[in-house]
Amino acid sequence: MNQYSCEQAMSSSRITAHFQGIWVPMVTPFHDGEIDFDAAQQLACELATSGIDGLVVCGTTGEAAMLSAAEQSMLLDSVLEAVGPRFPVVMGLGGSDTRSVVSAVQRYNDHPLAGLLVSAPSYVRPSQDGIVRHFQAIAATTDQSIVLYNVPARTGVNIEPQTAALLARDSHFVAIKEAGGKLQQLGELLLDTRLDVLCGDDALLLASLSMGGHGAMSAAAQVRPDLYAQLYHLVKQGRHGAAGTLFKTMLPVIRLLFSEPNPAPVKAALAMQGKVRDELRLPMTPMSSAGQAALAAALEPLMELPVWTASDRDAPREGCLLQLVSASNIMPAVRQDDHRHHG
């Protein structure tokens, strides 16, 4: 495996107990059916230098369900070799059997991670009490921070806000990726829990941030990660008009990226950019030809937007589409816990 230099993106201050900003669940590149570790490291480094706040390895977008336990570990080690430990990396985990998930969690206790992204048990559809006890069993075996992952369309069960609030009494649980598709539930999480609330539905990203959401774990963001970082900072700076203008430009691509099962459209877009091969593992299949044609057409105007960099937090880029506010009116964006203390 090649090792890439990402020093310009990394500093010890980037690791934080708080989950705010834009986090990207990486695709897993393949070559002739096997993980392409070189492509994974290159992609991780490019994302780490784009202005985002962290990476997720082996999330849904990473086709984790199609990777063996050994492959998952090797992929994580590869990404950490490229960007860690000074750039935040989260490891995704899930499963139906609590004992198996606990065993998997223990494999990563010695890894320099920002945390673990753990979904509710899938398929078995446990009660809310069963969900609580499942996560409590996990927390009892690790010192890693835990991000709850609520994605009922995939697991078949919803983590209710009251359940999340109960789990949040344990300091292991620091955030939730909310992908239930309901803004009302997202609002309840913001009001009634101490968790950082990350949007998991890309089409709801602007609405989530405008409600006070703390960021996103966005699969679509890896196509133009800088624009998602820009959107986050525009909202945090109170520049809602500029944020709305940008999001309207992003939305057609977001819709196409989820018009077919994830991550096929995201991989198609990255393949168009020459970053990965358009290859998935069965039962996942590549995006349809018609879908790819529509995506290529929609990507063209998005890719023409000026590149946003972290330095643009303090001053708009010259000639930028969103140069709507003078530099004197911009408040610097900082990473901070803007709602409550994490114990």
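Tutor: Let's start with a cut-off: a residue counts as buried when its relative accessible area is under 20%, and as exposed when that area is over 50%. Keep in mind that this model is predicted.

Student: Why is Arg 224 called buried?

Tutor: Its relative accessibility is 5%. The limit for buried is under 20%, so Arg 224 falls in that class.

Student: And what makes Asp 226 buried?

Tutor: The reasoning runs along the same path: Asp 226 has a relative accessible area of 6%, and the class requires a value under 20%. Asp 226 is therefore buried.

Student: How do you know that Arg 224 and Asp 226 form a salt bridge?

Tutor: Here the rule asks for a side-chain nitrogen of Lys or Arg within 4 Å of a carboxyl oxygen of Asp or Glu. The closest N and O atoms of Arg 224 and Asp 226 are 2.7 Å apart, so the pair qualifies. By this rule the count comes to 7 salt bridges.

Student: Why does the pair Lys 275 and Glu 46 count as a salt bridge?

Tutor: Their side chains meet at 3.7 Å, N to O, and the rule accepts a nitrogen within 4 Å of the oxygen. Lys 275 sits in the loop between α11 and α12 while Glu 46 belongs to helix α1, so this bridge links parts that are 229 residues apart in sequence.

Student: Why is Lys 275 called partly exposed?

Tutor: Partly exposed covers what lies between buried, under 20%, and exposed, over 50%. Lys 275 has 31% relative accessibility, so that label fits. Glu 46, with a relative accessible area of 32%, is partly exposed too.

Student: What are the classes of the two partners in the bridge between Arg 277 and Asp 36?

Tutor: Arg 277 has a relative accessible area of 39%, so it is partly exposed. Asp 36 has 15%, which puts it under the 20% limit, and therefore it is buried. Their side chains meet at 3.0 Å, N to O. Arg 277 lies in the loop between α11 (264-272) and α12 (289-303), and Asp 36 in the loop between β3 (34-35) and α1 (37-48), so the pair ties together parts 241 residues apart in sequence.

Student: What makes Val 118 a contact of Phe 135?

Tutor: A contact requires heavy atoms within 4.5 Å. Leaving aside neighbours within four places in sequence, Phe 135 has such contacts with several residues, including Val 118, Leu 148 and Phe 173. Phe 135 is also one of the residues that touch the most other members of the largest nonpolar core, which holds 95 residues. Helix α10 (residues 240-257) supplies the largest share of that core, 10 residues.

Definitions and conventions. Residues numbered from 1 in each chain as written. Predicted model: local features only at pLDDT ≥ 70, side-chain atom pairs only at ≥ 80, totals over all residues. Heavy atoms only, no water. Core = buried A, V, L, I, M, F, W, Y, C linked by side-chain atoms within 4.5 Å. Buried < 20%, exposed > 50% of the residue type's maximum accessible area, 1.4 Å probe, protein only. Helix = DSSP H or I, 4+ residues; strand = E, 2+ residues; numbered from the N terminus.
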